[in-house]
Amino acid sequence: MNSKVKRERSTNCIASELELLVDLVVRHNKILENKKTDAVTANVKRKTFDILAKAFNSNSLNGFRSEKCLKSKYEHLKKGCR
């Protein structure tokens, strides 16, 4: 009798949102692509994605995107480029 909770979906990303995300990530590339995994670096990356999400949502016209959603989309874009 498990009641599965459906995850909340947002609208699909449009091309202008993807361009905005890539542009914002390029500005913070040195921090986000850092290979270190210690606590300090992880905290800096988390704060950077928080700043990135605020900037993205202030410039986006298609609705709100969470930090988690943007990070996931960025990871998928990186995988697609490989």
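What volume does the largest pocket have? Let's start there and then work around the rest of the structure. Keep in mind as you look that this is a predicted model.

## The largest pocket

The answer is about 540 Å³. In total, 15 residues line this pocket, and the ones closest to its centre are Arg 7, Glu 8, Arg 9, Ser 10 and Cys 69. Try picking out those five on the structure above.

What sort of residues make up the lining? Sorted by class, the largest pocket has six charged residues, six polar ones and three nonpolar ones around it.

## The second largest pocket

Next comes the second largest pocket, which holds about 180 Å³ of space. Its lining includes Leu 32, Glu 33, Asn 34 and Lys 35, along with Lys 45 and Phe 49. Further along the chain, Lys 71, Tyr 74, Glu 75, Lys 78 and Arg 82 line this pocket too.

Which helix gives the most to this lining? That would be α4, with four residues. Helix α3, which covers residues 39-59, and helix α4, which covers 67-81, each supply at least two of the lining residues. Charge features a lot here: seven of the lining residues are charged, while three are nonpolar and one is polar.

## A salt bridge across the chain

Now for some pairs of side chains. Side chains of opposite charge can pair when their charged atoms come close. How many salt bridges turn up in a search of the whole structure? The count is five.

One of them pairs Glu 17 with Arg 65, and their closest N and O atoms are 2.9 Å apart. This pair links distant parts of the chain, as the two residues are 48 residues apart. Glu 17 belongs to helix α1, which runs over residues 15-27, and Arg 65 sits in the loop between α3 and α4. Are these two buried or exposed? Both Glu 17 and Arg 65 are buried.

## A salt bridge inside helix α1

Asp 23 and Arg 27 form another salt bridge, with an N to O distance of 3.1 Å. This one stays within a single helix: both residues lie in α1, four residues apart, or about one turn of the helix.

The two partners fall into separate accessibility classes. Asp 23 counts as partly exposed because its relative accessible area is 37%, whereas Arg 27 is exposed because its value is 60%.

## A network at the second pocket

Head over to helix α4 and you'll find Lys 78 and Glu 75, which meet in a salt bridge at 3.8 Å from N to O. They are three residues apart in α4, about one turn of the helix. Glu 33 comes into the picture as well: salt bridges with shared partners join Glu 33, Glu 75 and Lys 78 into one network. You've met these three names already, since Glu 33, Glu 75 and Lys 78 are also among the residues lining the second largest pocket.

How covered up are the two α4 residues? Lys 78 has a relative accessible area of 22%, so it is partly exposed. Glu 75, at 31%, is partly exposed too.

## A nonpolar patch on the surface

Finally, look for Ile 31, Val 40 and Val 44, which together make a nonpolar surface patch of about 230 Å². Ile 31 is part of helix α2, residues 29-32. With a relative accessible area of 33%, Ile 31 is partly exposed.

Notes. Residues are numbered from 1 along each chain as its sequence is written. This is a predicted model: local features need pLDDT of at least 70, side-chain atom pairs count only at pLDDT 80 or more; totals for chains, interfaces and linings use all residues. Side-chain values use heavy atoms; hydrogens and water are left out. On a 1 Å grid over the protein atoms alone, a cavity is a set of points where a 1.4 Å probe fits but cannot get out, and a pocket is an open set with protein on both sides within 12 Å along at least five of seven lines; lining residues have an atom within 4 Å of a point. Grid points are joined across faces, edges and corners, and a volume is the space filled by probe spheres set on the points. Ala, Val, Leu, Ile, Met, Phe, Trp, Tyr, Cys and Pro count as nonpolar, Asp, Glu, Lys and Arg as charged, and the others, Gly among them, as polar. Patches are made of residues with over 30% relative accessible area and no salt bridge: like charges are joined within 9 Å, nonpolar side chains (Val, Leu, Ile, Met, Phe, Trp, Tyr) within 5 Å. Accessible areas come from the Shrake-Rupley method with a 1.4 Å probe; for residues, only the protein chains shown count as cover. A salt bridge is a side-chain nitrogen of Lys or Arg within 4 Å of a carboxyl oxygen of Asp or Glu. Buried means under 20% relative accessible area, exposed over 50%, partly exposed in between (1.4 Å probe, protein chains only).
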